[in-house]
Amino acid sequence: MRKFLRRFASNEAGAVTVDWVVLTAAVVALTGIVAYATRNSAADLLGTVGTAVEEEASIFD
């Protein structure tokens with residue numbers, strides 16, 4: 001049993017896959033956090049730009 005446990009503990013097969021899964025999950029989580037944090041600011045900015053465009057377009061009416 002000890003031999004099996006030593007061999008199991010020293011086996012590194014799949015370790016790179018686990019690293020990539022953790023790294024990918026971290027990138028996805030950070031992307032979600034940034035998107036959530038900037039959502040309201042982006043909506044406000046789009047509203048301001050839309051208002052400015054409408055005011056400039058009214059000149060041509």
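**Exercise 1. Classify A57 as buried, partly exposed or exposed, and place A57 in the predicted model.**

Solution. A57 has a relative accessibility of 38%. Buried requires a value under 20% and exposed a value over 50%. A57 therefore counts as partly exposed. As to its place, A57 belongs to helix α2. The structure examined here is a predicted model.

**Exercise 2. Determine how far A57 is from N11 in sequence and in space.**

Solution. Along the chain, A57 and N11 are 46 residues apart. In space, their C-alpha atoms are separated by 68 Å.

**Exercise 3. State the secondary structure of the chain, and assign L5, K3 and V28 to their helices.**

Solution. The chain comprises 2 helices and 0 strands. Helix α1 covers residues 2-10 and includes L5. K3 also has its place in helix α1. V28, by contrast, lies in helix α2, which covers residues 15-57.

**Exercise 4. Classify L5, K3 and V28 by exposure.**

Solution. The class between the limits of 20% and 50% is partly exposed. L5, at 45% relative accessibility, therefore counts as partly exposed. A residue over 50% is exposed. K3 is exposed because its relative accessible area is 65%, and V28 is exposed because its value is 56%. For the chain of 61 residues as a whole, 0% count as buried.

**Exercise 5. Compare the dimensions of the chain with those of a compact globule.**

Solution. A compact globule of 61 residues would have a radius of gyration near 10 Å. The chain has a radius of gyration of 26 Å. Along the principal axes, its C-alpha atoms fill a box of roughly 85 × 15 × 10 Å. Two further separations complete the picture. K3 and E54, 51 residues apart along the chain, have C-alpha atoms separated by 76 Å. For V28 and L46, 18 residues apart along the chain, the C-alpha separation is 25 Å.

**Exercise 6. Describe the exposed surface and the nonpolar patch that contains L5.**

Solution. The chain exposes about 5,800 Å². Carbon and sulfur atoms supply 68% of this area. On the surface, L5 joins M1, F4 and F8 in a nonpolar patch. Together, these residues have about 510 Å² of accessible area.

**Exercise 7. Establish how the charges of the chain are distributed.**

Solution. The count gives 5 positive and 7 negative charges. The mean position of the positive charges and that of the negative charges are 50 Å apart.

Technical notes: Residues numbered from 1 in each chain as written. Predicted model: local features only at pLDDT ≥ 70, side-chain atom pairs only at ≥ 80, totals over all residues. Heavy atoms only, no water. Helix = DSSP H or I, 4+ residues; strand = E, 2+ residues; numbered from the N terminus. Rg over C-alpha atoms; globule rule 2.2 N^0.38 Å. Buried < 20%, exposed > 50% of the residue type's maximum accessible area, 1.4 Å probe, protein only. Areas by Shrake-Rupley, 256 points an atom, 1.4 Å probe, with all protein chains shown as cover. Lys, Arg positive; Asp, Glu negative; His and termini not counted. Charge placed at Lys NZ, Arg CZ, Asp CG, Glu CD. Patch = residues over 30% accessible without salt bridge, like charges linked within 9 Å, V, L, I, M, F, W, Y side chains within 5 Å. Salt bridge = Lys/Arg side-chain N within 4 Å of Asp/Glu carboxyl O.
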